[in-house]
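Let's walk through this model together, starting with its sheet and ending with its empty spaces. Keep the viewer open as you read.

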Amino acid sequence: MNSAFDTPTASLDNPFYYLTNFRFVLAWVRERHADLLAIDELAFLEQFESLPQASQALLVRMVMRKGELFRLSKLSYAEVGDSSAAMAPLIALGWVDNDPALSVDELFNQLRLAELRQVLAEDIRAAGISLSSAKTVLYDTLASRLTQTAPLRGWWPEAPECVVRLNVMNICDRLRLMFFGNLRQDWAEFVLTELGLQRFEVVPFTPHSRAFQSRQEVDTYLALHHLRQRLDVGDSPADLYLEVPPASDNRWLATRRARLLLQMGREAERRGDSPLALTLYDDSDSSEARIRQLRVLERLSEHQTAFELATQALDSRPNETELQALARLLPRLRRRLKLPAVPSEPEPAHERWDLVLPGPQSVERAVVTALREPEAPVCYVENTLITGLFGLLCWSAIFDPLPGAFFHPFHNGPADLYRDDFVPRRREAFDACLARLEDGSYREIIRATWREKVGLASPFVHWAVVDEALVELALACIPPEHLRACFERLLGDLKANRAGLPDLIQFMPNAPAGEPRYRMIEVKGPGDRLQDNQRRWLAFFHRHEIPVAVCYVRWAASDAPAV
């Protein structure tokens, strides 16, 4: 790595392994993001270093746990020793409140049922319910009556211990965000790596390799994150929309904002607020939001407006998913507006097999058993084989350390993987990889990458399925022109096109010359239908003369006469 830092080598045998990891993150953020930190955050970094080790460890233990409130008796760790003594410097700094005011919700979360019955005995009797009532009954009855907040001893003067509140979780979350570039990853990433359960590609880091270039970008991310949390717990999308940050020049944050607006629009739809949903979808301006906007307009009988917007979308080179939806919407809108019909291109017919098999059982397993032969093995691969071969051939392009792609040692893949500019930024690198399919060197490249990278985290290679034997069969049987066509389609829309591939593949390595040496098989059980992304892949296979069939299964038992 072009960095002063290497991935921490803390051992789980070291009782302070988690503290080593936490210090690594703080040092990383201090070196790379100091210009984005406020005075109190810089002070946190300085003061943390001056704390006794036991106090540092206790703070990190609390940071890694869920929530911000803790009973002191539950903060007992052998390596920390006396928790009260370790806590004292944290209290002195104001990082921990040792007498926080508790709401009734927090009280119920912290106390056991027997304790609640003791603390709230008078309120329980006044409410006319039994002291032996369950905790949920107590809460449902008393929560609306107990509106005050008070320290634990205000609720319970005889409390045998104290409850403390961690006051610096917001700072720690911000530092974690600046390290990982998201709040989805947490401290467990270090532990999984140390256990050997996760291994990551090593990429160089430069001064440009960081998730955020300004403090405002960090603030925007946190604002979007908190709005999503509030949406999830039932806050009104109308209220939340007033707080959505303005559109950002940062394309990565703009994508997150668009996704939040889409989710808010769907919630507004569920609540029956169509005007708000239309506003949110319009502001989102994503492919999915445009289609949902058109469907809302159609339900509102705003057919002319919907038709005009759909026509504009059709002229703006939509992706395959949007194009498929428009192909269904526009004929309906034309009929509503009494416009001349435009002949549509018929969906190509696919080869169909109908099988009656003993069941019910796993439908894919049943078809594998029915079709496999010693010289023609059938493998369950679904979305893993084609994407896996793509990931192996194009590994160098995918993990090209461009600015904004990698900014910490725990990336499963580039951070910009699903952004619109992901492929254009790497087009030359991808072209160089795909050129290997033309000169015949692709097989050795894929084999070498498999051997060198096996087990490393990848957004495309699922090692448990794409083992060396499967790779060899695929390289022996799938023509390079078919691989190239599939890989180019993946590059057209990595997020949408990595799904919908057939469930099974059958290899026929000994097929006569001129005949296909493999075929892909989509399996549909009783009552199952083809999904849109599967239909798009089938149409693609038809255009490129790639062998594929859809196998429709019925269970033999269902046809047996009733006894």
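The paragraphs below cover the ground rules, the sheet, an annotated domain, salt bridges and, last, a cavity and a pocket.

This is a predicted model, in which local features need pLDDT of at least 70 and side-chain atom pairs count only at pLDDT 80 or more, while totals for chains, interfaces and linings use all residues. Residues are numbered from 1 along each chain as its sequence is written, and side-chain values use heavy atoms, with hydrogens and water left out.

A good place to begin is the open sheet of five strands, which has mixed pairing and the order β4-β8-β7-β6-β5. Its edge strands, β4 (351-357) and β5 (378-380), each pair on one side only. From one strand to the next, the twist averages 30 degrees. (Strands are DSSP runs of E with at least two residues, helices are runs of H or I with at least four, and both are numbered from the N terminus; two strands pair if DSSP finds at least two bridges between them; axes are lines fitted to C-alpha atoms, with angles from 0 to 180 degrees between N-to-C directions.) Within the sheet, β6 (residues 504-507) and β7 (residues 518-524) are antiparallel and share four bridges. Gln506, for example, has Arg519 in β7 as its bridge partner.

An unreviewed UniProt entry annotates residues 437-555 as "domain: VRR-NUC"; such annotations may be inferred rather than shown by experiment. Over residues 437-555 the chain is 45% helix and 16% strand, with the end C-alpha atoms 42 Å apart.

Side chains of opposite charge can pair when their charged atoms come close. The structure holds 40 salt bridges, each a side-chain nitrogen of Lys or Arg within 4 Å of a carboxyl oxygen of Asp or Glu. One of them joins Arg165 to Glu106, with the closest N and O atoms 3.3 Å apart. Because Arg165 lies in strand β3 (residues 163-166) and Glu106 in helix α5 (residues 104-110), this pair ties together parts that are 59 residues apart in sequence.

What about the empty space? On a 1 Å grid over the protein atoms alone, a cavity is a set of points where a 1.4 Å probe fits but cannot get out, whereas a pocket is an open set with protein on both sides within 12 Å along at least five of seven lines; lining residues have an atom within 4 Å of a point. The largest cavity has a volume of about 60 Å³, and its lining includes Glu347, Leu530 and His542. The second largest pocket has a volume of about 970 Å³, a volume being the space filled by probe spheres set on the points, which are joined across faces, edges and corners. Helix α18 gives the largest share of that pocket's lining, ten residues.
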